[in-house]
Amino acid sequence: MSKVRVRFAPSPTGGLHLGGVRTVLYNYLFAKKHGGDFIVRIEDTDQTRFVAGAEEYIFNCLKWCGIEPDESPLTGGPFAPYRQSERKESYRKYAEQLINDGFAYYAFDTPEELEKMRNDFKTFENPSPQYDGNIRMQMKNSLTLPDDEVKKLLDEGARHVVRIKMTAGETISFTDMIHHEVSFDSSLIDDKVLLKADGMPTYHLAVVVDDYLMQITHAFRGEEWLSSAPVHVLLWKYLFGLDKMPQWAHLPLIMGPSGKLSKRDGAKYGFPVFAMNWTDPKTNELTEGFKERGFLPEAFINLLAVLGWNDGTEQELYSMEELIENFSMDRVHAASAKFDFEKAKWFNQEWIKKLPVSNYQARVKDIFESKGIAIKNETHFAKILELVKERCILLTDFFDQAVFFYQAPVAYDKASVKPKWEELKHEFFKELASRYNPIDDWNINSIETDFKNLATEKNIKVGELQMIFRVMLVGSKMGPGVFVIAEAIGKAETINRIEKALADFSSF
RNA sequence: GCCGCGUUGGUCAAGGGGUUAAGACGCCUCCCUUUCACGGAGGAAUCACGGGUUCGAAUCCCGUACGUGGUACCA
C-alpha cells in the first residue's frame with residue numbers, strides 16, 4: 001500500500017457539478033503526483049436525499065474525465081465496503097466509545113422539542129440557537145436524565161441520537177494546506193449529532209472513522225466544510241489521536257456569474273454546470289453536461305485544474321500527465337474563483353486544435369448521424385474534420401462547419417453575390433462547368449489552374465469569382481479554401497452545385 | 001446576529017517591501033485571407049477603503065466595507 005492515500009467522498013444526491021469535479025481532480029492529481037492511491041468512497045448515509053442512479057452517474061463522469069480510482073465500490077479494495085451505508089455497524093461502536101470516554105452523550109429530544117428549543121431561545125442577536133454547552137443541560141439527554149432512566153429508554157429502544165459534547169473555552173486549531181493555520185473557539189460550536197436516530201452516522205462521524213479505517217493521509221474537500229473541521233479535529237483527538245489525522249485542504253468554492261455556482265445558473269446563463277447530462281429521476285428534469293455540450297474531456301479537466309491553481313509559469317494548456325507532474329497543493333488559491341464560460345470555450349477550442357482528429361472523430365460522427373447525415377467513408381470524414389477543426393470551438397460546431405461537404409446548400413448568401421453578378425460571370429461559370437467536366441484526375445491543382453486560366457481569358461478578377469464560387473458550393477462566405485472544398489466534394493457534385501446555383505442566380 | 005474564509009483589470013491570474021504591476025480569456029483597431037476561422041501586430045482596462053509600520057507598501061500590521069461559507073438527526 002502506498003504512503004499517500006487520498007479519498008474523494010461524494011454523496012450520491014444528484015449531478016456532479018464543477019466544484020465536485022475539481023475536488024476529485026485535485027485529489028486525484030495529488031495522489032498520482034506522489035505515487036499514491038486515489039480512493040472513492042460513497043457517502044450515502046442520508047436516505048432522504050439519496051438519488052437512484054447518482055452513484056453510477058458519478059463513476060461515469062470520472063471515467064469520462066479519465067480518472068480511474070484505485071479503490072472504490074466498483075473496483076473493490078482492501079478496505080471494502082466503500083459505501084457508508086454498508087459500513088453502518090462500525091460507526092455505532094465508535095459512538096459508544098466516545099460516550100464511555102465522556103466525549104459524547106445520548107440525546108432523546110424529539111424533532112418537535114428541538115424546534116421548540118430553537119424557538120424559545122431565539123432572540124434578535126441570536127437568530128439560530130444551537131444545541132450547545134449553554135443549553136444542553138436543559139434538554140433531554142444522558143447528561144440531564146438519571147442513569148436508570150437513560151438505561152430504561154435505551155432498553156425500550158427509544159429513538160435517540162448521539163451528540164458530541166463540545167468542550168468550552170478551548171481553541172481548536174489545525175493546519176490547512178491552503179489556508180495554513182485556522183482556529184476556532186470551541187464554545188461557539190454546537191453539540192453536533194454524530195449518530196442519527198436511524199443508526200446512520202452523520203458525515204462528521206463517518207469521515208473521521210472511515211478516513212482512519214481506510215488509512216487516509218490527505219483529505220481535500222470544498223471550503224463549505226471548513227466550519228465543521230473543528231468537530232472533525234476533536235473526533236480525531238478523542239478517537240484515534242491527532243498524529244494519525246490526515247492533512248486537510250479546504251478548496252475554494254467555484255462561483256457563478258452572481259454568487260455561488262448553482263444548477264440554475266446553467267439555465268440562466270446558458271452554460272453547463274454538470275460534467276455530463278443528468279436527469280433527476282424524481283422530476284425528470286434534465287441538466288446539461290459539459291460532455292453533451294461538446295466539450296472534450298481534456299479541455300474540461302484542463303480548465304477546471306487552472307481555475308484556482310497555476311504552477312507559476314505562463315503555461316495554461318496541460319494534459320493530465322502534465323497536471324500530475326506539475327500540480328502542487330501550495331499553489332492552490334485560497335480565494336474562490338468565478339467561472340467564466342468564455343474562457344472555458346477557449347480551452348476547448350485549443351484542445352480541438354491540439355488533439356488529432358481521430359481522438360474525437362467518433363463523437364463528431366455521432367453528431368452528424370443524429371442530424372441525419374450518414375458518414376460512409378471514415379477516411380474522407382477525417383480529412384474533412386482536419387480541414388475545419390481550427391474553426392470549431394465546441395464539438396457540435398463541426399456540423400455547421402462541415403455539413404456543406406455532405407449536402408448542397410439550401411440557401412445562398414445572395415446579398416454578397418448580387419452586387420457582383422453580371423452576365424459575363426454567368427458565362428464564366430457555365431464555361432467553367434464544361435471545362436471541369438472532362439477532367440479525369442480531379443485534384444486541387446487542376447481545379448485551381450482551370451479556374452484561374454479561364455478568369456484570365458475572360459478578363460475577370462479572380463477574387464470576385466472565388467467569392468461567388470464559394471457561395472455556390474457552400475451557400476455562404478465561410479469555410480476553408482474554395483478549391484479545397486471543390487476537391488473534397490468531387491467533380492460531379494461541384495458541377496452540380498455550379499449549375500444549381502446558376503439557375504438560382506439567373507433571377508438577378 | 002454569531003463564527004470561519006476571502007478581496008490584484010469585466011473574468012482567470014503572476015508578483016509577497018523598491019517592477020514601466022507579467023500572462024491568458026473577453027472587448028477594440030490593424031495586418032494576413034477578396035470568405036469564416038487560424039495566425040500576427042497593437043490598444044483600452046487593475047492592486048476594495050481608511051489608518052498605521054517604513055526612506056519606500058499591491059506586498060507587513062490593525063480596522064472598516066464588501067463577498068462568500070457555516071450556524072440541520074444535509075452532505
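## Helix H21 and its neighbours

Helix H17 (423-436), H19 and helix H20 (482-489) are among the elements that cover the buried residues of H21. Keep in mind that this is a predicted model. So what sits under that cover? The buried residues of H21 are Thr-494, Arg-497, Ile-498 and Ala-501. They cover an arc of only 105 degrees around the axis, so they end up on the same side of H21. That fits a general point: an α-helix has 3.6 residues a turn, so residues three or four places apart point the same way.

Flip to the face of H21 turned away from the buried side and you find the exposed residues Ala-492 and Ala-503. The length checks out too: H21 (residues 491-505) has 15 residues, which at 1.5 Å a residue should span 21 Å, and its end C-alpha atoms are indeed 21 Å apart.

## Around RNA strand B

H19 turns up again here, giving the most to the surface near RNA strand B, with 5 residues. Helix H4 (111-120), strand S6 (180-185), strand S13 (337-338) and helix H12 (341-354) are among the elements that each supply at least two residues.

Which residues come nearest? Of the 64 around RNA strand B, those are Lys-260, Ala-335, Arg-391, Gly-463 and Lys-477. By class, this surface has 23 charged, 21 nonpolar and 20 polar residues.

## Strand S1

Strand S1 (residues 5-8) points Arg-5 and Arg-7 one way and Val-6 and Phe-8 the other, and all are buried. Its partner is strand S2 (residues 37-40), paired with S1 in the parallel sense over 4 bridges. Within that pairing, Arg-7 stands opposite Ile-39 in S2.

Definitions and conventions
Residues numbered from 1 in each chain as written. Chains lettered and ligands numbered in written order. Predicted model: local features only at pLDDT ≥ 70, side-chain atom pairs only at ≥ 80, totals over all residues. Near = placed C-beta within 6 Å. Nonpolar A, V, L, I, M, F, W, Y, C, P; charged D, E, K, R; others polar. Expected span 1.5 Å × (residues − 1). Buried ≥ 20, exposed ≤ 12 C-beta atoms within 10 Å, placed from the backbone. Arc of directions from axis to C-beta. Contact = placed C-beta atoms within 7 Å. Pairing = 2+ DSSP bridges.
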